[in-house]
Amino acid sequence: MESSVSPKNRLSTSEKSNYVSQWKASGLSQKQFCRNMGISPTTFSGWIHQLSAIENRKEVHSIPFIKVESKTPSFLEHSITMEYHGARINLPQSLLPKVIKELSKVNG
């Protein structure tokens, strides 16, 4: 597993992901893997955080929207604030059961 990553060469996200996958499959500590590959442990740790952030953004963007309607004007009802996947939603209280039912369908 001898390699060396030049600090002057910028790697693509795909290349960074490949190194992270190799590390996970190797059974080595990050420090040992980095030493073997000639990668700075600080740089490698940054790649892991960067790739994790990219995955988290993908998850957030894949959240489906659910259409819910209320027959009562919202200004006449008490509202409830709900948080779902980091998004805060203010809902009229009468819609809460329907929203929970729909979310349970989406999340299986």
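In helix α2 of this predicted model, the residues F33, C34 and M37 are buried. These three cover an arc of only 95° around the axis, which puts them on the same side of α2. K31 and R35, by contrast, are exposed on the other side of α2, and the helix is followed by G38, whose phi is positive, near 75°. Among the elements of the chain, α2, which spans residues 30-37, has the highest mean pLDDT, at 95.

Helix α1 can be described in the same terms. With 14 residues, α1 reaches 20 Å from its first C-alpha to its last, close to the 20 Å expected at 1.5 Å a residue. Its buried residues are K16, Y19, V20 and W23; seen down the axis of α1, these fall within an arc of 95°, so they line one face of the helix. On the other side of α1, S14 and A25 are exposed. Just after α1 comes G27, which takes a positive phi of about 80°.

Which elements give two or more residues to the largest nonpolar core? That core has 10 residues in all, namely Y19, V20, W23, F33, C34, M37, I39, F44, W47 and L51, and the elements that give two or more of them are α1 (13-26), α2 and α3 (41-61). F33, C34 and M37, the buried residues of α2, are members of this core, as are Y19, V20 and W23, which are among the buried residues of α1. In soluble globular proteins, nonpolar side chains tend to be buried together. L51, a further member of the core, is in contact with T13, K16, S17 and V20, when its neighbours within four places in sequence are left aside.

The aromatic residues of this region deserve a separate account. A search of the whole structure finds 4 aromatic pairs, and Y19, W23, F33, F44 and W47 form one aromatic cluster. A pair of aromatic rings is described by the distance of the centres and the angle of the planes. Two of the pairs are set out below.

| Aromatic pair | Centre to centre | Angle between planes | Geometry |
|---|---|---|---|
| Y19 and W47 | 5.8 Å | 40° | tilted |
| W23 and F44 | 5.8 Å | 85° | edge-to-face |

The pair of Y19 and W47 links distant parts of the chain, since Y19 lies in helix α1 and W47 in helix α3, 28 residues apart. Y19 is buried, with a relative accessible area of 14%, and W47 is likewise buried, with a relative accessible area of 7%. In the other pair, W23 lies in helix α1 and F44 in helix α3, so the pair ties together parts that are 21 residues apart in sequence; both W23 and F44 are buried.

Apart from the largest core lies another, of 5 residues, among them L91, L95, V99 and L103. Is L91, in this second core, buried or exposed? L91 is buried, with a relative accessible area of 7%, and lies in strand β2, which covers residues 87-92. Leaving aside its neighbours within four places in sequence, L91 is in contact with H78, S79, I80, M82, L96 and V99. L91 and I80 are 11 residues apart in sequence, while their C-alpha atoms are 5.2 Å apart in space. Strand β1, made up of residues 79-84, has the lowest mean pLDDT among the elements of the chain, at 74.

For the chain as a whole, there are 4 helices and 2 strands, and from the N terminus on the elements run α-α-α-β-β-α. Buried residues make up 19% of the 108 residues in the chain. Of the contacts in the chain with a separation of 6 or more, 40% are accounted for by residues 24 or more positions apart. The chain averages a pLDDT of 78, and 69% of the residues score at least 70.

Definitions and conventions. Residues numbered from 1 in each chain as written. Heavy atoms only, no water. pLDDT = per-residue confidence, 0-100. Core = buried A, V, L, I, M, F, W, Y, C linked by side-chain atoms within 4.5 Å. Buried < 20%, exposed > 50% of the residue type's maximum accessible area, 1.4 Å probe, protein only. Contact = heavy atoms within 4.5 Å. Arc of directions from axis to C-beta. Expected span 1.5 Å × (residues − 1). Phe/Tyr/Trp six-rings, centres within 6.5 Å; stacked < 30°, edge-to-face > 60°.
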